[in-house]
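Please look over the sequence and the structure shown below before reading on. The report that follows goes from the overall picture to single helices, their contacts and a few residues in the loops.

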Amino acid sequence: MSTLAHTMMTAARSADSGLVGPGELDRYPYADAPATDRLGAPVWDGAEPELGRVGRRAAGSRGRGLHGQLVQQLGQMIVSGDLGADRPLVPEEIGQRFEVSRTVVRESLRVLEAKGLVSARPNVGTRVRPVSDWNLLDPDIIEWRAFGPQRDDQRRELSELRWTIEPLAARLAAGHGREEVQQRLSDMVEIMSHAMAQGDALTFSRADTELHTMLIQIAGNRMLEHLSGIVSAALQVSGGPVTACDRPNEASIALHARIVDALGTGDGTAAEAAMRQLLTTHPEVERVVPAPREH
């Protein structure tokens, strides 16, 4: 088996551990390994420059097996500009370079087509589509942009989007959570506090992500709920692989606790205000409501 295939299969078997259920805080599996570890990027031996540079991140929980890995690799290369519209994507060439079957290549290109990244036409072949056609709200594309040349633009756009979505969701969610949901939110704050004390940024990030995702899901607005995946992706890439709303600190914990308390008492105004304050203190955002940008 080639080094590339072995790397891709190894990555496919990796999986993140999930969060615990309510009341299981004492058994929460705090991470021991450094959160910044990533699989090395495989290379295409003898490939042309446009096809020789691969993506920067290994596939996450959304990509499994060779199919998922190929989607990740090709998606990263398209988003980074390593694969452009100036040349077609030839399935036979892709299969040979990555040492995967034509079926894997075909299914991977279908996934990328569904994301708006490529189009397949008779007598033209499969080509990369312009950015205006991409589904920029797709969590995979958010991740690929955030770890590529468009990193700064992606983070700014996500921060602006979150500032629009989450304060409203906090207001709507106030008083709507069942008792077990409210307890789960409180557990997430406790986990974040414990993780901060242990210097465990990865656990902090996971609990932070679950808290914000749950908040949107209980807001009672199905369109907002549909955006919870976007917020989750934003939290995962907002400051790198191990940070979320903020680097773990007491102020962030206090604001999360204030949000959860306001949700429990049904105080939508307080929940909204606390969320705006939390997002304002995000270290990646210099201004929360951006001034009009010059064109």
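A crossing of two helices is called left-handed if the near helix is turned anticlockwise from the far one by less than a right angle, and right-handed if it is turned clockwise.

## Overall picture

The model described here is a predicted one. Its chain contains 13 helices and two strands, and of its 295 residues 46% count as buried. Among the contacts in the chain with a separation of 6 or more, 68% are accounted for by residues that lie 24 or more positions apart.

## Helix 8 and its buried residues

Helix 8 covers residues 179-198, and its 20 residues should span 28 Å at 1.5 Å a residue, which agrees with the 29 Å that separate its end C-alpha atoms. The buried residues of helix 8 are V181, Q182, R184, L185, D187, M188, V189, I191, M192, A195 and M196, and the elements against which the buried residues of this helix pack are helix 9 and helix 12. An α-helix has 3.6 residues a turn, so residues three or four places apart point the same way.

Q183, which also lies in helix 8, has a relative accessible area of 43% and is therefore partly exposed, since that class lies between the 20% under which a residue is buried and the 50% over which it is exposed. In sequence Q183 is 77 residues away from V260, while in space the two are 9.4 Å apart, taken from C-alpha to C-alpha. After helix 8 comes G199, which has a positive phi near 70 degrees.

## Helix 9 beside helix 12

Helix 9 consists of 17 residues, and the distance from its first C-alpha to its last is 24 Å, close to the 24 Å expected at 1.5 Å a residue. This helix is mostly covered, with 15 of its 17 residues buried.

The axes of helix 9, residues 201-217, and helix 12, residues 250-265, come within 12 Å of each other and cross at roughly 30 degrees. Because angles under 35 degrees count as roughly parallel, helix 9 is roughly parallel to helix 12. In the sense defined at the start, the crossing of helix 9 and helix 12 is left-handed. On the side of helix 9 the contact is made by F204, D208, L211, H212 and L215, and on the side of helix 12 by S252, I253, H256, I259, V260 and L263. By character, the residues of this contact of helix 9 with helix 12 divide into seven nonpolar, three polar and one charged.

## Helix 13 and its two partners

Helix 12 also meets helix 13, and the axes of these two helices come within 8 Å and cross at roughly 160 degrees. Since angles over 145 degrees count as roughly antiparallel, helix 12 is roughly antiparallel to helix 13. The crossing in which helix 12 passes helix 13 is left-handed. From helix 12 the residues S252, L255, H256, R258, I259, A262 and L263 take part, and they meet A270, A271, A274, M275, Q277 and L278 of helix 13. The residues of this contact of helix 12 with helix 13 divide into nine nonpolar, three polar and one charged.

Helix 7, residues 151-173, and helix 13, residues 268-280, have axes that come within 7 Å and cross at roughly 155 degrees, and the two helices are therefore roughly antiparallel to each other. The crossing of helix 7 and helix 13 is right-handed. Here R162, W163, E166, P167, A170 and R171 of helix 7 meet G268, T269, A271, E272, M275, R276, L279 and T280 of helix 13. The residues of the contact of helix 7 with helix 13 divide into six nonpolar, three polar and five charged.

## Two loop residues with positive phi

Most residues other than glycine have a negative phi. E99, although not a glycine, has a positive phi of about 55 degrees; the residue is found in the loop between helix 4 (91-98) and helix 5 (102-114). With a relative accessibility of 48%, E99 counts as partly exposed.

N123 is not a glycine either, and has a positive phi of about 65 degrees. The loop in which N123 lies runs between strand 1 (118-121) and strand 2 (125-128). With a relative accessibility of 86%, N123 counts as exposed.

Key
Residues numbered from 1 in each chain as written. Predicted model: local features only at pLDDT ≥ 70, side-chain atom pairs only at ≥ 80, totals over all residues. Heavy atoms only, no water. Axes fitted to C-alpha atoms, helices over the stretch in contact; angles between N-to-C directions. Helix = DSSP H or I, 4+ residues; strand = E, 2+ residues; numbered from the N terminus. Parallel < 35°, antiparallel > 145°, perpendicular 65-115°, else oblique. Contact = heavy atoms within 4.5 Å. Nonpolar A, V, L, I, M, F, W, Y, C, P; charged D, E, K, R; others polar. Expected span 1.5 Å × (residues − 1). Buried < 20%, exposed > 50% of the residue type's maximum accessible area, 1.4 Å probe, protein only.
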